[in-house]
Amino acid sequence: MSLSVGIVGLPNVGKSTLFKALTKKHVDIANYPFCTIDPNVGIVKVPDNRLQKLADAFHSEKVIPTIIEFVDIAGLVRGASKGEGLGNKFLSHIREVDAIVHVVRCFADSEVIHVDESVDPVRDMETIHVELMVKDLETIEKRLGGLEKEARAQNKKAVADKAALESLQKEMDKGVSAFAYMEKHPEHKESIQELFLLSAKPVLYLLNADTSRDAVAAQQYAEEKGAPFVVLSAKEEQEAAGLTPEEAAELSIPSPRLPLLIEECYAMLGLITFFTTGPDETRAWTVQKGAKAPEAAGVIHSDFREKFIRAAVIQWKKLLEAGSTAEAMAKGWIRTEGKEYIVQDGDVMEFKHG
Ligand SMILES: Nc1nc2c(ncn2[C@@H]2O[C@H](COP(=O)(O)OP(=O)(O)OP(=O)(O)O)[C@@H](O)[C@H]2O)c(=O)[nH]1
Ligand SMILES: [Mg+2]
């Protein structure tokens, strides 16, 4: 399972710079708007210090982390929802990702062109928010039109969907995103999710700032929305990405904040990690929070899900404390779990299948 995060924002704010720092892929970065048109796609390893500790303890030959996909999307401008600046095509790229990192320009640099001519992070955050919302309201309007007839004929699902969408529409008119709405009204989630709304995706604000002082107002905006945020300089991170830690220290480049961003994205996607370990390899695997044991088995091999019998489970820390599987077994720390077991972050698992 690999989920994807879209890098979204106004043109020329550092989206491709961030993408390059994350994926180390060579992409076009230039000081003019709409440098990126077609999305760049790259895979990023999820940092996890538990992984290496397990691998060391078990003398594993290979160490395999989990990954998430990042997509560098073209810049959006005001009016994108109405087709400005290739808006509709770019919005469709956003529809395909599972979560959004919204890059906000906080850095001052007068050399770098701003499409709205001045640096104003909060205004820019609102611009993107509004574009996604306007597009969604259009989608909802269309859907409600389609539901009209069925609802009049008392089709149960249509009646429920209509009520949910009308309630959502009212809140969105006040500026509430579909994501925030669903948190408050989980009973309407099913009706809303069918529409693949842009504002239904979780958002993390990446405050692209040369100094943290520049990000104060934007940070406050994110906090008011209850949205996660990370402050970093994409340019600095990108320059540091090619250096060893020693070289970076020599140039007094502060310690990288990208690992934090990746971890935050992983959490935003609602993902947790379980491990398999042994002399061949120690590997991290991804499941959605709340997944049961057969689903986890299915991540390793699709056949294992159907043929799941039971799982041997121990938390990674307990296993390290025991020192070996045999010792953990002797202490009675390895549990046997069945089909209904809900996988916990940090579980080390071994599956028995038919
Ligand atoms: N000072 C400063 N400049 C930056 C920073 N991040 C990006 N830039 C500069 O901003 C310009 C645009 O960067 P890109 O990464 O191409 O921006 P983009 O958002 O991908 O732009 P489009 O693809 O056109 O939408 C480049 O000249 C970068 O060097 C930063 O943190 N600080
Ligand atoms: Mg770009």
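Helix 4 and helix 8 pack with their axes 8 Å apart. The angle between them is about 40°. That makes helix 4 oblique to helix 8, because an angle of this kind falls outside the ranges for roughly parallel, perpendicular and antiparallel. Helix 8 covers residues 216–225. Which residues make the contact? Helix 4 supplies Pro-121, Val-122 and Met-125. Helix 8 answers with Ala-217, Ala-218 and Tyr-221. By class, six residues of this contact are nonpolar, with no polar and no charged ones. Keep in mind that this is a predicted model.

Helix 4 also meets helix 5. Helix 4 runs over residues 121–152, and helix 5 over residues 156–173. Their axes come within 9 Å. They cross at roughly 150°. Angles over 145 degrees count as roughly antiparallel, and helix 4 and helix 5 are therefore roughly antiparallel to each other. The crossing of helix 4 past helix 5 is left-handed.

Look at the residues that make this second contact. From helix 4 come Met-133, Asp-136, Leu-137, Ile-140, Arg-143, Leu-144, Leu-147, Glu-150 and Ala-151. From helix 5 come Ala-158, Val-159, Asp-161, Lys-162, Leu-165, Leu-168, Gln-169 and Met-172. Here the classes are mixed: 11 residues are nonpolar, one is polar and five are charged. In the contact with helix 8, by comparison, there are no charged residues.

Now turn to ligand 1. How many residues surround ligand 1? There are 24 of them. The closest are Gly-14, Lys-15, Ser-16, Thr-36 and Gly-75. Two elements give two or more residues to this shell: helix 1, residues 15–23, and helix 9, residues 234–241. Helix 1 gives the most, with three residues. The shell divides into 11 nonpolar, nine polar and four charged residues.

Step back to the whole protein. What does its secondary structure come to? It comes to 15 helices and 12 strands. The chain has 354 residues, and buried residues make up 35% of them. The C-alpha atoms fill a box of roughly 70 × 65 × 35 Å, taken along the principal axes.

Finally, consider contacts along the sequence. Take the contacts with a separation of 6 or more. Residues 24 or more positions apart account for 66% of these.

Notes: Residues are numbered from 1 along each chain as its sequence is written. Chains are lettered from A and ligands numbered from 1 in the order in which they are written. This is a predicted model: local features need pLDDT of at least 70, side-chain atom pairs count only at pLDDT 80 or more; totals for chains, interfaces and linings use all residues. Axes are lines fitted to C-alpha atoms, for helices over the stretch in contact, and angles run from 0 to 180 degrees between N-to-C directions. Helices (H or I, at least four residues) and strands (E, at least two) are DSSP runs, numbered from the N terminus. Angles under 35 degrees count as roughly parallel, over 145 as roughly antiparallel, 65 to 115 as roughly perpendicular and the rest as oblique. A crossing is left-handed if the near helix is turned anticlockwise from the far one by less than a right angle, and right-handed if clockwise. Two residues are in contact if their C-beta atoms, placed from the backbone, lie within 7 Å. Ala, Val, Leu, Ile, Met, Phe, Trp, Tyr, Cys and Pro count as nonpolar, Asp, Glu, Lys and Arg as charged, and the others, Gly among them, as polar. A residue is near a molecule or strand if its C-beta atom, placed from the backbone, lies within 6 Å of it. A residue is buried if 20 or more other C-beta atoms lie within 10 Å of its own, exposed if 12 or fewer, and partly exposed in between; C-beta atoms are placed from the backbone.
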